[in-house]
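Hi,

Here is the structure I said I would pass on. Have a look at it first, and then read my notes underneath.

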Amino acid sequence: MRKKREDYVFGLDIGTRSIVGTLGYRVGTDRFVVVAQVSIEHKTRAVIDGQIHDIPTVTKTIAEVKARLESTIGETLTDVSIAAAGRVLKTKTIYVEYEMPKETRVTKEHMYSLDNIAVEKAYEEVREEGDHKDKRFYCVGYSPVKYYLNGYPMEMIEQHVASSIGVEMITTFLPDEVVEGLYSAVEDAGLRVVSLTLEPIAAINLAIPDRFRLLNIALIDVGAGTSDISIVKDGSIIAFGMIPLAGDEITEAIAKKYLVDFETAEQIKKATAKNKVSSFKNIMGESYRLTSEEVGETIDEAIETIVDQVAGKVRELNGGKSVSAVFVVGGGGKMPGFTAKMAEKLELPENRVAIRGAEVLQQIDFSATGIKKDSTLVTPIGICMEYYEQKSNFIHVRVNDERVKIYDNGKATLLDACIHAGFSQESLFPSRGAGFTYTVNGERREAKGRTGEAAEVRLNGKETNLNEWIKDGDEIFIRPATKGEDASLILGRIAEFKKELSYTLFGRQVLCPKRAEVNGELRSAECQIHDGDEVVVHDFYSVAQLLEFMGMEQEERVLVNGEEVDARTKLKMGAKVERLPEEEPEPKPVENVLSGLSDLIPPSGQDPLLAPVRPLPAWANDLPISNPAVRPFQAAPIPSAPKVPPVQTASFIRERSIEVNVNGKKVELLSKPNHMFVDVFDVYPFDLTKAGGNRMVCRVNGMEVRDFTTPVHENDEIDLYWEK
């Protein structure tokens with residue numbers, strides 16, 4: 001049994017025709033030892049053009065590859081590195097620049113942040129393309145083309161002092177369903193993905209080391225389902241591409257020509273590549289014995305089609321020009337005539353298009369036996385080598401069931417994960433609704449919108465905050481923060497309007513709401529205020545306006561504070577309004593009264609007592625005289641005092657402001673019927689847009705606040721700060 005090691009790297013190349021598992025370890029910084037390799041072909045077409053179609057079948061094959069390798073080393077394998085094919089690859093070359101607050105020495109952290117900004121910008125551009133708006137993409141790889149220091153191109157900017165840094169970045173994306181299919185198949189086989197790359201990236205990093213990248217070289221990995229293309233120039237990878245034509249097209253051409261099934265056609269193709277004779281029977285029972293030359297004539301047209309499209313893609317990716325040389329890897333490139341036709345299409349000498357195998361594996365040692373160094377090993381071993389590029393640099397977490405890859409600097413937080421998952425700053429922190437401005441008596445004021453609800457964040461099922469540190473494999477749930485309601489204001493809630501005016505009217509105390517005009521028109525307390533409105537609140541009534549408000553008849557002149565005035569006079573607060581006193585009627589002259597008594601005197605010589613009773617004149621009816629000829633005295637009814645209308649007040653909302661203590665400082669909350677904790681943010685300077693510590697502490701009278709709608713009252717003690 002082999003001596004156990006803890007540094008084995010397990011790489012899986014999940015191809016269209018087979019799954020290749022490679023196991024090894026690195027020696028020093030530049031050599032890799034292959035301990036074991038297992039290759040199992042698919043029995044069905046479970047993978048087509050590099051994309052998994054039958055996940056259960058692929059899972060079963062992966063499990064078998066894993067079991068064989070485990071039996072070889074006597075250890076259980078748990079982690080694996082994988083690569084995705086570029087069947088529906090999307091690439092973006094992007095440039096971004098970052099301005100430093102001041103001249104700063106550039107660190108790896110700065111470079112990572114810059115790279116991350118470029119990847120996010122590229123992701124947004126991919127999403128904005130017309131046919132991708134409803135799709136989700138996953139970044140499977142990115143490569144800096146060139147860095148810039150203060151606007152000048154630099155090969156390496158780390159440790160330089162800069163006021164600005166920039167990067168030109170080539171990024172690669174695959175649809176989420178492609179990546180999820182890979183992860184599902186691997187995880188169902190009991191493995192955890194520790195690194196994910198793109199197949200052309202894995203191939204080029206092994207086949208064309210950095211020292212050769214000054215040259216303009218294309219690497220073509222011809223597999224079974226796809227032909228992946230990478231191009232280097234001026235020291236960097238400048239492009240990735242893919243053509244969905246490869247070895248399977250050749251196999252299908254053989255199957256159609258000789259009426260055989262796909263498996264038989266695949267065997268004929270392999271025999272032809274090895275220059276061997278093929279013997280087989282077709283579905284009609286006919287026997288064939290064909291030389292490689294005879295089969296070559298059949299597949300020539302298929303090879304021509306593949307080469308034509310691959311060469312065209314190479315020119316497209318290289319700016320419309322041919323390259324200086326082409327390296328070919330993968331089984332499909334071994335077909336007779338492939339490299340010669342490629343040289344012809346790219347107008348290169350035949351010796352400038354070559355299959356690369358053992359030549360690029362000089363730094364690879366094999367402790368396992370029976371493994372031939374050829375072009376089919378480049379991608380499988382390259383996948384293993386990519387582990388060292390990503391090891392300790394990235395962690396994988398799930399955010400709302402979406403897989404996210406994050407640079408692991410030892411300080412990755414929930415906030416980093418959410419941003420990588422596509423959540424914007426606005427969705428992570430509550431924001432106010434739209435506000436507006438207006439004026440009151442010429443003074444400019446602002447009506448603020450309501451504050452939204454904070455985001456709900458859970459880490460592995462437990463409620464936490466966005467500053468919590470995360471680790472590989474964490475499960476994160478986030479319910480985005482909300483935007484508050486837009487500002488709304490009615491006239492009755494303006495402070496000046498709330499104060500009532502008190503007058504004494506005809507002996508009664510009355511309270512009157514203030515009169516207010518909005519944009520020149522008199523409005524009631526329920527009037528809605530809008531952006532730009534001009535409000536004028538009057539602190540007086542005229543006499544006429546007061547009488548009209550009280551529903552009383554107008555009087556042209558009255559007494560105000562003892563002085564006679566007309567109805568247009570303005571009444572200050574507390575004014576006393578009285579009616580003018582009524583004038584008393586003048587008394588009738590005495591002679592007129594006596595002349596009326598002449599009728600009551602009897603004729604001369606007659607005894608007044610014996611004279612017959614004469615009726616009283618009409619004017620004496622009200623005299624208190626008891627006489628049979630006189631109707632009984634009835635007192636005139638005393639007129640009742642005039643009714644004074646009851647005191648009237650305006651129908652407006654009664655609200656009040658309160659004072660609370662925030663962090664020991666008295667703060668007055670705005671007037672409203674009921675006050676909540678969230679109202680504190682309207683008047684207390686506290687920045688919710690960025691975290692100032694690990695946790696935001698919110699307490700009312702020593703009790704933790706779980707809901708921003710918690711009621712607050714007069715003189716409550718409130719704690720509000722970031723806990724470091």
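Below is what turned up, going from the strand β6 to a cavity, then to salt bridges and a sheet.

Before anything else, please keep in mind that this is a predicted model.

**Around β6**

I'd start with β6, which covers residues 79-84. It is largely enclosed by the rest of the structure, because 5 of its 6 residues are buried. Strand β1 (residues 9-14) runs parallel to β6 and is joined to it by 2 bridges. If you want to find that pairing on screen, look for L12, which stands opposite I82. β6 also pairs with β11, again in the parallel sense, and here there are 6 bridges. A83 in β6 has T197 of β11 as its bridge partner.

The β6 and β11 strands are also connected through side chains. D79 in β6 and R192 in β11 sit 113 residues apart in the chain, yet they form a salt bridge with the closest N and O atoms 3.4 Å apart. How buried or exposed are the two partners? R192 is partly exposed, at 38% relative accessible area, and D79 also counts as partly exposed, at 31%.

**The cavity**

β6 comes up again here. The search gave 1 cavity of 30 Å³ or more, and about 70 Å³ of space lies in it. Which elements supply at least two residues each to its lining? They are β5 (51-52), β6 and α3 (176-188). Of these, α3 gives the most, with 3 residues. The lining includes A83 and A84, as well as V178, G181 and L182. I14, Q51, I52 and E199 are also among the lining residues. By character, the lining splits into 7 nonpolar, 3 polar and 1 charged residue.

**Other salt bridges**

In total the count comes to 34 salt bridges, and a few are worth pulling up:

- E266 and K269 meet at 3.5 Å, N to O. They are 3 residues apart in helix α6 (residues 262-273), so about one helical turn separates them. Both of these residues are buried.
- R523 and E521 meet at 2.8 Å, N to O. R523 is partly exposed at 39% relative accessible area, and E521 is partly exposed as well, at 45%.
- D300, E304, D308, K341 and K345 are linked in a network of salt bridges.

**A sheet further along**

Last, there is an open sheet of 5 strands with mixed pairing, in the order β29-β28-β38-β35-β36. Which strands form its edges? Those are β29 (508-512) and β36 (563-566), each of which pairs on one side only. On average, neighbouring strands in this sheet are turned by 35 degrees against each other, direction ignored. Inside the sheet, β35 (residues 557-560) and β38 (residues 576-578) run antiparallel and are joined by 2 bridges. L559 is the residue to click on there, as it stands opposite E578 in β38. When you look at side chains along a strand, remember that in a regular strand they alternate between the two faces of the sheet.

If you only have a few minutes, I'd begin with D79 and R192, since that salt bridge takes you straight to the β6 and β11 pairing.

Cheers

Terms used. Residues are numbered from 1 along each chain as its sequence is written. This is a predicted model: local features need pLDDT of at least 70, side-chain atom pairs count only at pLDDT 80 or more; totals for chains, interfaces and linings use all residues. Side-chain values use heavy atoms; hydrogens and water are left out. Two strands pair if DSSP finds at least two bridges between them. Helices (H or I, at least four residues) and strands (E, at least two) are DSSP runs, numbered from the N terminus. Axes are lines fitted to C-alpha atoms, for helices over the stretch in contact, and angles run from 0 to 180 degrees between N-to-C directions. A salt bridge is a side-chain nitrogen of Lys or Arg within 4 Å of a carboxyl oxygen of Asp or Glu. Buried means under 20% relative accessible area, exposed over 50%, partly exposed in between (1.4 Å probe, protein chains only). On a 1 Å grid over the protein atoms alone, a cavity is a set of points where a 1.4 Å probe fits but cannot get out, and a pocket is an open set with protein on both sides within 12 Å along at least five of seven lines; lining residues have an atom within 4 Å of a point. Grid points are joined across faces, edges and corners, and a volume is the space filled by probe spheres set on the points. Ala, Val, Leu, Ile, Met, Phe, Trp, Tyr, Cys and Pro count as nonpolar, Asp, Glu, Lys and Arg as charged, and the others, Gly among them, as polar.
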